[in-house]
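How is a two-chain model best read, from its separate chains to the places where its parts meet? The explanation below takes the reader through that route in order.

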Amino acid sequence: MKAVLMSDMMVIKSQAKSVLLVIVVWLGITIFNKSGLFFSALSTVYAMMLPLTCIAAYEKSHFDRYLFTAPVSRASAAMGHYVFSIICALCLAVIGFAASVALGMSVREAAYSTFACFCIGVVMVSVVLPVIYKYGTEKARLTMMAVFVLFVLVFGLLFGALDVDMDSLWDALLLLPLLTVAVFAVSAAISVGIYKRREF
Amino acid sequence: MQNAIECRNLSKDYGVFKLDRVNFTLPTGCIMGLIGENGAGKSTTIRLLLGLAKRSGGEVKVLGADPETAEPELREEIGVVMDDCPFPESMTLRDVRKILAAAYRHFDGARFDSLGLKFSLPERQKIKEYSRGMRMKLSIAAALSHGSRLLILDEPTSGLDPVARDELLDILLEFIQDERNSVLISSHILSDLEKACDYITFIHTGRVVFSEEKDELLGKYVIAKGSEREIDALDRDAVVGVRRGAFGCEALVERRAGEHLTHERASIEDIMLYYIKGDAK
């Protein structure tokens, strides 16, 4: 798994300028809007896009095939991108949390909202990665868009229709980690299965 | 002497293409060339040897283990060079070094660095800016820097100029100086293989036509030249193929049967071409 993580980091490092530019622009918008939640929400999408960027680079050069000629097990290769996504999501969550607190949100509220966004990010990654492994990045881009739109619609409709107050929302957040872990576990099992059966 | 590679009735059925009961053995300390036209099954064979695809039948042993079920540690000892550089184009030599260090327990950074210097690979330049020859050399440097005992190369010379090809052959010959090491190389450029290989395995439409020691093979056949009547009079069992032209005929024939005619040495390329195209005996 170390090799996959290192490879992912090297791909992102080679695109460091554009990654940093995106983060800075988002931070600028966040400060302008005085809403740390904006950054946290967008970071969920970015956490999904970064591994997609890496896997697309691997597909182009057949690096994934090369990895399996090295002493890297298929299971650890499959899990490497999950771990990398979570590391990215965590880093972005820390920035989002700091921005939220700096812009006046209470620590409790900032922690809850950042954590919720982090969980949603992990769920989205969990939905997208098996599709990438199975069908490749081109087809997965459509899935990624669909997943994002679906999340926005579901959450938007829920908030609008149910007139949810913040306290009951925080209560509901208690279920989010369970849901996240469950989706993550199922997704990881599917991905490992896909990688083990995959032929090059 | 243990064999580096053993294939027994290796088969793979893709529906539209079938690798059919491939048999060959690469003894340790030797270089084997895998030859055949495009789509003959060379790359499929290599993928099966590397465990990248699952075989439909037969047995394979690579360094004494089945690549499909062996622990990933087996691959510490196998250096792989594919037809193009496998590292993402946005990476540099330094990035590749870090990845290899993370992937291989026996990665020898000093060896990788010295190969990088020897091949004049720029450290900070992105791989996308490397020439085709430099990319191949990077792949070779990666394959040689983790204590490999077996090198498997799939069309590494395609697209390379003669100088770069010659350098590659020198590297292989240097690698094989250690008699614990072995090389399997597939290539279209048969003159290269003729220079370096101890064994030649010829695959045609998914089947092994022959797998023999190169010197025996080269000594076995001649190209006999003569009139159509003279060629037609040759022992049919000894003739591999015939080419009929306006000014006479040529046949690839076993030396014993064709030596009485005007004849010349048959190269590996001649042998392959006569097997494929000279079917009309």
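The paragraphs that follow describe each chain, the contact between the chains, the domains of chain B, the nonpolar core and two backbone details.

The model is predicted. Chain A contains 9 helices and 0 strands, and its sequence accordingly reads α-α-α-α-α-α-α-α-α. Its C-alpha trace extends over about 50 × 35 × 25 Å along the principal axes. For 200 residues, a compact globule would be expected to have a radius of gyration near 16 Å, and the 18 Å of chain A agrees with this. Buried residues account for 39% of the 200 residues in chain A. Among the contacts of chain A with a separation of 6 or more, 82% join residues 24 or more positions apart.

Chain B has both kinds of element, with 10 helices and 13 strands. Along its principal axes, the C-alpha trace of chain B spans about 65 × 40 × 35 Å. The radius of gyration of chain B is 21 Å, which agrees with the value near 19 Å for a compact globule of 281 residues. Of those 281 residues, 45% are buried. Residues 24 or more positions apart provide 70% of the contacts in chain B with a separation of 6 or more.

Where the two chains meet, 23 residues of chain A and 25 residues of chain B take part in the contact. On the side of chain A, helix 1 (2-14), helix 3 (36-61) and helix 4 (63-67) each contribute at least two residues. Helix 1 of chain A gives the most, with 7 residues. By class, the residues on the side of chain A that touches chain B comprise 13 nonpolar, 7 polar and 3 charged.

Chain B itself divides into domain 1 (5-212) and domain 2 (217-277). The C-alpha centres of these two domains of chain B are 33 Å apart. Their contact involves 11 residues of domain 1 and 7 residues of domain 2 of chain B. On the domain 1 side, helix 6 (190-196), strand 8 (199-204) and strand 9 (207-213) of chain B each supply at least two residues. Helix 6 of chain B gives the most to that side, with 4 residues. The side of domain 1 of chain B that touches domain 2 is made up of 6 nonpolar, 2 polar and 3 charged residues.

Strand 8 of chain B, one of the elements on that side, merits a closer look. Of its 6 residues, 5 are buried, so that strand 8 of chain B is mostly covered. Strand 8 of chain B runs parallel to strand 3 (residues 31-35) of chain B, to which 4 bridges join it. In this pairing, Met32(B) has Tyr199(B) as its bridge partner. With strand 9 of chain B, strand 8 of chain B pairs in the antiparallel sense over 6 bridges. Here Ile200(B) has Glu212(B) as its bridge partner. These two strands of chain B form a hairpin with 2 residues between them, and Thr205(B) in the turn has a positive phi of about 45°.

What, then, lies in the interior? The largest nonpolar core has 138 residues, among which Leu67(A), Val128(A), Leu138(B), Ile152(B), Leu252(B) and Val253(B) touch the most other members. Helix 6 (residues 107-135) of chain A gives the most to this core, with 15 residues. Because domain 1 (5-212) and domain 2 (217-277) of chain B both give residues to this core, it lies between them. Ile152(B) shows what such a position involves: beyond its neighbours within four places in sequence, Ile152(B) is in contact with Ile46(B), Leu49(B), Leu50(B), Ile78(B), Val80(B) and Leu184(B).

Two backbone details in chain B remain. Most residues other than glycine have a negative phi. Arg21(B), although not a glycine, has a positive phi of about 45°. Arg21(B) is located in strand 2 (residues 18-27) of chain B. With 15 other C-beta atoms within 10 Å, Arg21(B) is partly exposed. Leu63(B) likewise has a positive phi, near 50°, and lies in the loop between strand 4 (57-62) and strand 5 (78-81) of chain B. Leu63(B) counts as partly exposed, because it has 18 C-beta neighbours inside 10 Å.

Methods. Residues are numbered from 1 along each chain as its sequence is written. Chains are lettered from A and ligands numbered from 1 in the order in which they are written. This is a predicted model: local features need pLDDT of at least 70, side-chain atom pairs count only at pLDDT 80 or more; totals for chains, interfaces and linings use all residues. A nonpolar core is a set of buried Ala, Val, Leu, Ile, Met, Phe, Trp, Tyr and Cys residues joined through C-beta atoms within 7 Å. A residue is buried if 20 or more other C-beta atoms lie within 10 Å of its own, exposed if 12 or fewer, and partly exposed in between; C-beta atoms are placed from the backbone. Domain bounds come from an automatic or database domain assignment. The radius of gyration is taken over C-alpha atoms; the globule rule is 2.2 Å times the number of residues to the power 0.38. Ala, Val, Leu, Ile, Met, Phe, Trp, Tyr, Cys and Pro count as nonpolar, Asp, Glu, Lys and Arg as charged, and the others, Gly among them, as polar. Two strands pair if DSSP finds at least two bridges between them.
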